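Me: I am new to this structure and would love a close look at one part of it. Could you pick a single strand, and then show me what surrounds it?

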Amino acid sequence: MNVKLIGITGGSGSGKSTVVRKISEAHPDSICIAQDNYYKSASFVNNHNILAFNFDHPDAFDMDLMVENLKDLKAGKAIDMPQYDFVKHQRKPETKHIEPKTIIIVDGLMVLYDKRIRDLLDLKLFVDTPSDIRFVRRLQRDIKERGRTVESVVEQYINVVRPGHFNFIEPCKEYADLIIPEGGYNEHALDVIIKYIQTVANQL
Ligand SMILES: Nc1ncnc2c1ncn2[C@@H]1O[C@H](COP(=O)(O)OP(=O)(O)O)[C@@H](O)[C@H]1O
Ligand SMILES: O=c1ccn([C@@H]2O[C@H](COP(=O)(O)O)[C@@H](O)[C@H]2O)c(=O)[nH]1
């Protein structure tokens, strides 16, 4: 089975998931592997001790399992992908069975950081969105969807999200084949990427 892996990275709130959703809508036969699913459990964390675990460091992820799963998919083997609960900050008991497909979209904060993942990717994209916009999006999303308070989002952003972005995410721009300004609503960039993936898919 000839498989192509497309990696999408960028800061928190940059629009990665939105880009993934639009690509998958255009290519319904693709599968999406979100690095968020590979977070290590930190169930002791809550809004009052949000700095007790650094979710914006490469060590926060089970990279070994993610690499193993991606290698299996690339080799045409099915996987059981972990699932993550952002409200409880822990891995869910259930997994999701994923059958291999020819187009695999991989997204996450650190997908270009880990060389083993980088080396598996056939196309590397970086979603580039200014930090003030990312912060506002994240504040709204975390309160609405992730059970967070304004205070905990601000405390986490200042102390770990912002430094983590500059230490681990922004430097990975140099590995990207393409940089997408503003993410999921950049129709022109998405048009080009979707057409490229279609061309690649037709050759498989
Ligand atoms: N270009 C955009 N303009 C306005 N809002 C956007 C845009 N891209 C994403 N969003 C919104 O911002 C929030 C974060 O986007 P998301 O795609 O989840 O980012 P990420 O996966 O990088 O954290 C979501 O609520 C999404 O609907
Ligand atoms: O249990 C958790 C796990 C992660 N986070 C924060 O989420 C973002 C990553 O999610 P995006 O969808 O890419 O924004 C990361 O910056 C972590 O700080 C969390 O708060 N709790």
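Reply: Happy to! Let us start with strand S1, residues 4-10: five of its seven residues are buried, so the strand is largely enclosed by the rest of the structure. Here a residue counts as buried if 20 or more other C-beta atoms lie within 10 Å of its own, as exposed if 12 or fewer do, and as partly exposed in between, with C-beta atoms placed from the backbone. Strands (E, at least two residues) and helices (H or I, at least four) are DSSP runs, numbered from the N terminus.

A word on what you are looking at. This is a predicted model, in which local features need pLDDT of at least 70, side-chain atom pairs count only at pLDDT 80 or more, and totals for chains, interfaces and linings use all residues. Residues are numbered from 1 along each chain as its sequence is written, while chains are lettered from A and ligands numbered from 1 in the order in which they are written.

Now to the partners of S1. Strands of a sheet pair through backbone hydrogen bonds, either parallel or antiparallel. Two strands are said to pair if DSSP finds at least two bridges between them. S1 runs parallel to strand S5 (residues 103-107), and five bridges join the two; Ile8 has Asp107 as its bridge partner in S5. S1 also pairs with strand S6 (residues 123-128), again in the parallel sense and over five bridges, with Thr9 standing opposite Phe126.

Stepping outwards, S1 belongs to an open sheet of five strands, in the order S2-S5-S1-S6-S7, with parallel pairing. Strand S2 (31-34) and strand S7 (178-181) stand at the edges with a single partner strand each, so one side of each has no neighbour in the sheet. From one strand to the next, the twist averages 25 degrees. At the S2 edge, four bridges link S2 to S5 in the parallel sense, and Cys32 has Ile105 as its bridge partner in S5.

Helices meet this sheet too. Helix H1 (residues 16-26) packs on the sheet and touches S1, S2, S5, S6 and S7; its direction makes about 170 degrees with that of S5. For such angles, axes are lines fitted to C-alpha atoms, for helices over the stretch in contact, and the values run from 0 to 180 degrees between N-to-C directions. Helix H5 (residues 150-169) also comes to S1: its buried residues pack against S1 and helix H4 (131-145). Among those buried residues of H5 are Val153, Tyr157, Val161 and Ile169. Contact here means that the C-beta atoms of two residues, placed from the backbone, lie within 7 Å.

H5 has a kink of about 50 degrees, centred on Tyr157; the bend at a residue is the angle between axes fitted to the seven residues ending there and the seven starting there.

Finally, the wider setting. The protein has six helices and seven strands. Its radius of gyration is 17 Å, close to the 17 Å that the globule rule gives for 204 residues, so the protein is as compact as a globular protein of that length. That radius is taken over C-alpha atoms, and the rule is 2.2 Å times the number of residues to the power 0.38. Buried residues make up 34% of the 204 residues, and S1, with five of its seven residues buried, is where our look began.
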